[in-house]
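Grab a pencil and have the model open beside you. Work through the exercises at your own pace, then check the solutions.

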Amino acid sequence: MKNFLLPLIVLIAAVAIFFSLSRPLLADIAVLRLEKAKLETGLDNARKLQEVRDELIKISREFPKEDLDRLNKMLPDNVDNVRLIIDINNLARGSGMSIRNIKIKSDQGGTDPQVIADSGQKKGAVTLAFSVAGPYANFEDFLQRLARSLRLVDVTDVSFSSNEKNFYEYSVELQTYWLK
């Protein structure tokens, strides 16, 4: 009976030691397996996002450069006040007018459009106020050129005063946009 009892006691002790020492390790292993599954899911999602990104990059490279340039002119990714003034002046010059008394304001009411870049919005706006002088037909042509231009602009205010017969001074305020 001793030969039978001693192995049984050793076996029971081994099982007790195994469960008492390895149960916390088994619980840790279960937690780590769950974490591993979450990380693998995140990795799969990251791979899918990379595939989508690569496909979008491939598609964007297929756009003609001229179209991308036109899109950038329509809604630029930065504020370039000088370029904006030159573009508006070229439109006015094509109508036989030139702009003067230029004032630039950001959509935050200040004079620095870069200030609005940190406000968390996805677009910024710049208000440009100026005056032009000439006959009404030239002003009408200027507004039509402005409407047909690629640059997104909203004319927010127009006022005029007359000096001579069929010669007016127009004050124009417009708002244009840019991506941040």
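Here are three short exercises on charged pairs, each with a worked solution.

This is a predicted model, in which local features need pLDDT of at least 70, side-chain atom pairs count only at pLDDT 80 or more, and totals for chains, interfaces and linings use all residues. Residues are numbered from 1 along each chain as its sequence is written, and side-chain values use heavy atoms, leaving out hydrogens and water.

**Exercise 1.** Find the partner of Arg83 and place the pair in the fold.

Step 1: Arg83 makes a salt bridge (a side-chain nitrogen of Lys or Arg within 4 Å of a carboxyl oxygen of Asp or Glu) with Asp87, with the closest N and O atoms 2.9 Å apart.
Step 2: Both residues sit in helix H3 (residues 81-94), 4 residues apart, about one turn of the helix; helices are DSSP runs of H or I with at least four residues, and strands are E runs of at least two, numbered from the N terminus.
Step 3: Asp87 is buried at 16% relative accessible area, while Arg83 is partly exposed at 39%. Buried means under 20%, exposed over 50%, and partly exposed in between, using a 1.4 Å probe and protein chains only.

**Exercise 2.** Work out which strands the Glu169 and Arg100 pair links.

Step 1: The side chains of Glu169 and Arg100 form a salt bridge, 3.2 Å from N to O.
Step 2: This pair joins distant parts of the chain, with Glu169 in strand S4 (residues 167-179) and Arg100 in strand S1 (residues 100-106), 69 residues apart.

**Exercise 3.** Locate the salt bridge of Arg145.

Step 1: Asp141 is the partner, at 2.9 Å between the closest N and O atoms.
Step 2: Helix H4 (residues 136-148) holds both.
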